[in-house]
Amino acid sequence: MKLKEITWYFPSNLEEVPELLKKERVLVYGGGTALLRSNLARVEGLIDLKALPLNYCREREGVIEIGAGCTYSQITEVLQKIDSHNILIRSLSGAASTPLRNRITLGGSIAFFPVWSDLMGPLLALEAEVALIGSSKGSFPLVEYLKKREIRNRSLITGIYYKKRELNSYYFRQSRTHFDYSAFSISILVKKSASLSASRIEEPAIVIVGCRNKFSKLSSLEESLKNCSPDEVQIKDITGSLEVEFAAKKNYSPDYLKHLAAVEMERALKAVLRS
Ligand SMILES: Cc1cc2nc3c(=O)[nH]c(=O)nc-3n(C[C@H](O)[C@H](O)[C@H](O)COP(=O)(O)OP(=O)(O)OC[C@H]3O[C@@H](n4cnc5c(N)ncnc54)[C@H](O)[C@@H]3O)c2cc1C
């Protein structure tokens, strides 16, 4: 069997990219961990991002900026120095395996967004913005990027950014063994103050990834927490009927997943509010 030829492009500055994105059947190559497992029969070219200046993770005027070319390992390493309580440190350091974390990129993981993603729940909770070039230029809220195909088409993610804040965070991934793909994940952020137990809960953000619509921001649950004292919250009451639905997955029925999510949400809220 004759192997199909694929043309590789190696742009070294961002100005070259929009023209390359206009080519038919040419895809962007980030870490390659999803691409190389997919059917490339119709692909004629790949745009390698390694020579582009997309490998940064830094703080600028209270904003954390992460380039699309950063790997999960690089992100956790740098965030430990510049945003040491960030939920991404916990979520990404538990993803996949060390060799994979050294390859999986931020940009590829946003564009691909698998249901087992350990990146997207935290980014959605952080209300990250995505920076794009190509057919869509500028920055867009991550939720908008995910919902609108026309924004994604023929666009290159150059990076994300989010406001650095002092937050209490909790991350949980449901899997039978450490290396399994997660069935769902829970990301929680609440505003941290000097004495949380004596204060009110501010800006709660709760996201489940892996549910029926891929992800869900639990707005009613967030509303029921807002401005409450952490000690007064009746956690069992508010997690009893979670506003989230699941499809059946290998080893899990939809009802079982919903039950597990409620149990883990109760644990998560206890940990994040009462710690
Ligand atoms: C065995 C295994 C286990 C895994 N387990 C986990 C896990 O537990 N948790 C987890 O979070 N992830 C996990 N992953 C990673 C996940 O499944 C994807 O493979 C990964 O997120 C893709 O990232 P990448 O950089 O390799 O993207 P690529 O494979 O390079 O690209 C993926 C898609 O994104 C597009 N793309 C790439 N970069 C950009 C960009 N900058 N702008 C626009 N489009 C772009 C590509 O064209 C392609 O369509 C696992 C992967 C494997 C192989």
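Student: How much area does the protein expose, and what supplies it?

Tutor: In this predicted model, the protein exposes about 14,200 Å², and carbon and sulfur atoms supply 51% of that area. Accessible areas come from the Shrake-Rupley method with a 1.4 Å probe, and for residues only the protein chains shown count as cover. Local features need pLDDT of at least 70, side-chain atom pairs count only at pLDDT 80 or more, and totals for chains, interfaces and linings use all residues. Residues are numbered from 1 along each chain as its sequence is written, while side-chain values use heavy atoms and leave out hydrogens and water.

Student: Why is Gln174 called buried?

Tutor: Buried means under 20% relative accessible area, exposed over 50%, and partly exposed in between (1.4 Å probe, protein chains only). Gln174 has a relative accessible area of 12%, and is therefore buried. Buried residues make up 49% of the 275 residues in the protein.

Student: Which residues does Gln174 touch?

Tutor: Contact means heavy atoms within 4.5 Å. Not counting residues up to four places away in sequence, Gln174 touches Tyr181, Ser182, Ala183, Phe184, Tyr252 and Leu260.

Student: Where is Gln174 placed, and what makes that strand mostly covered?

Tutor: Gln174 belongs to strand β9. Strand β9 comprises residues 167-174, and seven of its eight residues are buried. Strands are DSSP runs of E with at least two residues, helices are runs of H or I with at least four, and both are numbered from the N terminus. The protein has 11 helices and 12 strands.

Student: How do you know that β9 and β10 pair?

Tutor: Two strands pair if DSSP finds at least two bridges between them. Eight bridges join β9 to β10 (residues 184-191), and the two run antiparallel; the criterion is therefore met. Across this pair, Phe172 stands opposite Ile186 in β10.

Student: What links β4 and β5?

Tutor: Strand β4 (residues 57-60) pairs with strand β5 (residues 63-67) in the antiparallel sense over four bridges. The two form a hairpin with two residues between them, and Glu61 in the turn has a positive phi of about 50°. Cys57 stands opposite Ile66 in β5.

Student: Why does the radius of gyration of the protein agree with that of a compact globule?

Tutor: The radius is taken over C-alpha atoms, and the globule rule is 2.2 Å times the number of residues to the power 0.38. For 275 residues a compact globule would have a radius near 19 Å; the protein has 20 Å, and therefore agrees.
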